[in-house]
Amino acid sequence: MGMTDFTSVFARSASLTNEDKGWLRRILEDWQVIADLSFADLMLVIPIEENNVAQLVIAAQCRSSTVVSRQVDDMVGRHLPAALVPSVMDALNGVGNGDVDHYRMVDTATVCDDFLAVKRQDRILGVIIRETNMIMRLANGHYESESIHVGRELFDMIGEGTFPYTDDLMSKQRHDPRVSDGFLVLSAEGVVEYAAPNAVSCFRRLGVVTNVIGRYLSEFITEQFRENDKVPESLPGVLAGKFFADSEITTPTASIALRCFPLFKKGERTGAVILCRDVTEVRRREMELETKEATIAEVHHRVKNNLQAVSSLLRLQSRRTKNEEVRKELQEAQRRLETIAVVHEGLSQTADEVVDFDAVISQILRLAVEVASTDEQEIKLSYLGQFGMMPAQDATPLSLVLTELVTNCVEHGFKNRKEGNIRISVGRSGKSLNVVVEDDGNGLETEVDDKGKNPRESGSGLGTQIVNTFVTNDFGGTIRWSANHPHGTRVDISMKLRAAE
């Protein structure tokens, strides 16, 4: 039997609409906070009719991360244990037994079960069972009783249809606070009624040294801000306990992430529970990483500028020379520098030492065609397949190889032609890369160098030497020139990328 999740269990239900399933998913997204505050495990049970027989199936479960869970096995997809069926059926039928505690023995543990009908628009979709291992309740102190009380309030909100919240989480952040990181309980007016020890430590990092109980949360937090400190848009609503939202308090000394869960009873807001997490070190590491990435990007930007400066000098030199052959060689050198500069330009725009090679190479080859062709020529480039992301040490030599091959197509294959087509086909699997460059030009047999030899076969041309050197030496690959049918030239390259993932 394959892995079962709530999506596959939901799919077996004929009675749940897509909106119902969406509502249940939203509960599952945020019910971990209820399990953690309650020191209890949760199970969602839905009725499913199979072979004309109604079955009660466990669609999802959530183990508390603040206490050792009794639930060792994964229960998702299983039928509900027989001992729980009568109580779940009562809840599904709207029979209230919430005031009667349901106890049972499981092995040597005494378990207390709470059964809550999950409502949406006055329809009961399923039942959530909150299972508490009573041995964990033997030594309850102030922290435990406050946590269990507020967990109960959130749990009851599911039955009233006020949890999950109708609005999506505002200003979602990357580092979700958890119950174990610390939490505060606010009154409806925004006064702190309870602060867990870890929450007190969070606010000490901010510089709050007074007792926070009985004070407005917004009051003692705003005291920590200086005149020009940035305040997130969501912060006032979170500090007042009014919105289901994330926010963050950042001062010169610390960063505290917050998540607010407003509490409702019979439609009236009664207060809020706010999770707090000290993310000072996380933010410090992120800033260091951003600084490093910015430095790397700046280095690539400067390398690109330096290469373009050298390219400009070569352009000036080529204009001054009277020797046509020297001029042509200088222009070729200039073009090759421009190719490397474009790769560094791509690297300067990313945080990683990798480039989107498809975007880079299309820009490089378009420039290569423009430089090598005449104004009257219309030469089209097309691509089949994708190179993907590529590290810098592979991108630079490969871009030079492809530029040389495309330039050769234009200068030799389309000599004395008004139009032509070049197609580049790519096949990549991990580090293995196969590239085919084909044109519909004049063909290999028309190419001869000053000595009357074919530069491809003899390897005499500088461009051919560059291609051969990079493909065989840098990539340990092979390259083969052949005739393209019905006419033109085809180049097959097979290589191993050195730094590819």
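These are my notebook entries on a predicted model, taken in the order in which I looked things up.

**Overall make-up.** I began with the whole chain and found 14 helices and 17 strands in the protein. Of its 501 residues, 48% count as buried, and the protein exposes about 25800 Å², of which carbon and sulfur atoms supply 50%. I then looked at how the contacts are spread along the sequence: among those with a separation of 6 or more, residues 24 or more positions apart account for 61%.

**Nonpolar cores.** I next asked which residues have the most contacts inside the largest nonpolar core. That core has 42 residues, and the two I was looking for are Leu-44 and Leu-154. Helix α5 gives the most to this core, with five residues. Because domain 1 (6-160) and domain 2 (179-280) both give residues to the core, I place it between them. I followed Leu-154 further and, leaving aside residues up to four places away in sequence, noted that it touches Val-33, Ile-34 and Leu-37, then Phe-163 and Tyr-165, and also Phe-261, Pro-262, Leu-263 and Val-273. A second core, separate from this one, has 37 residues, including Val-342, Ile-361, Val-406 and Ile-422. For context I noted that nonpolar side chains tend to be buried together in soluble globular proteins.

**Helix α11.** Since Ile-361 belongs to the second core and is also among the buried residues of α11, I turned to this helix. I compared its length with expectation: at 1.5 Å a residue, the 16 residues of α11 (residues 357-372) should span 22 Å, and the end C-alpha atoms are 22 Å apart, which agrees. I then listed the buried residues of α11, which are Phe-357, Val-360, Ile-361, Ile-364, Leu-365, Ala-368, Val-369 and Ala-372. These residues cover an arc of only 160° around the axis, which puts them on the same side of α11. The spacing in such a list can be read against the general rule that an α-helix has 3.6 residues a turn, so residues three or four places apart point the same way.

**Cis peptide bonds.** I looked up two cis peptide bonds, each leading into a proline. One joins Phe-163 and Pro-164, with omega about 10°, and Pro-164 is found in the loop between α5 (142-160) and β6 (183-187). I also recalled from the core entry that Phe-163 is one of the residues touched by Leu-154. The other cis bond joins His-485 and Pro-486, with omega about 5°, and Pro-486 has its place in the loop between β16 (478-483) and β17 (489-496).

**Positive phi outside glycine.** Where does Asp-122 lie, given that it has a positive phi although it is not a glycine? I found Asp-122 in the loop between β4 (109-120) and β5 (123-133), with phi about 65°; at 79% relative accessibility, which is over the 50% cut-off, Asp-122 counts as exposed. Lys-266 also has a positive phi, of about 50°, and is likewise not a glycine. Its loop runs between β9 (255-265) and β10 (268-278), and with a relative accessible area of 73% Lys-266 is exposed.

**Glu-219.** My last entry concerns Glu-219, which has its place in helix α7 (residues 217-222). At 36% relative accessibility Glu-219 counts as partly exposed. I looked up its separation from Leu-239 as well: the two are 20 residues apart in sequence and 8.9 Å apart in space, C-alpha to C-alpha.

Technical notes:
Residues numbered from 1 in each chain as written. Predicted model: local features only at pLDDT ≥ 70, side-chain atom pairs only at ≥ 80, totals over all residues. Heavy atoms only, no water. Helix = DSSP H or I, 4+ residues; strand = E, 2+ residues; numbered from the N terminus. Expected span 1.5 Å × (residues − 1). Buried < 20%, exposed > 50% of the residue type's maximum accessible area, 1.4 Å probe, protein only. Arc of directions from axis to C-beta. Core = buried A, V, L, I, M, F, W, Y, C linked by side-chain atoms within 4.5 Å. Domains from an automatic or database assignment. Contact = heavy atoms within 4.5 Å. Areas by Shrake-Rupley, 256 points an atom, 1.4 Å probe, with all protein chains shown as cover.
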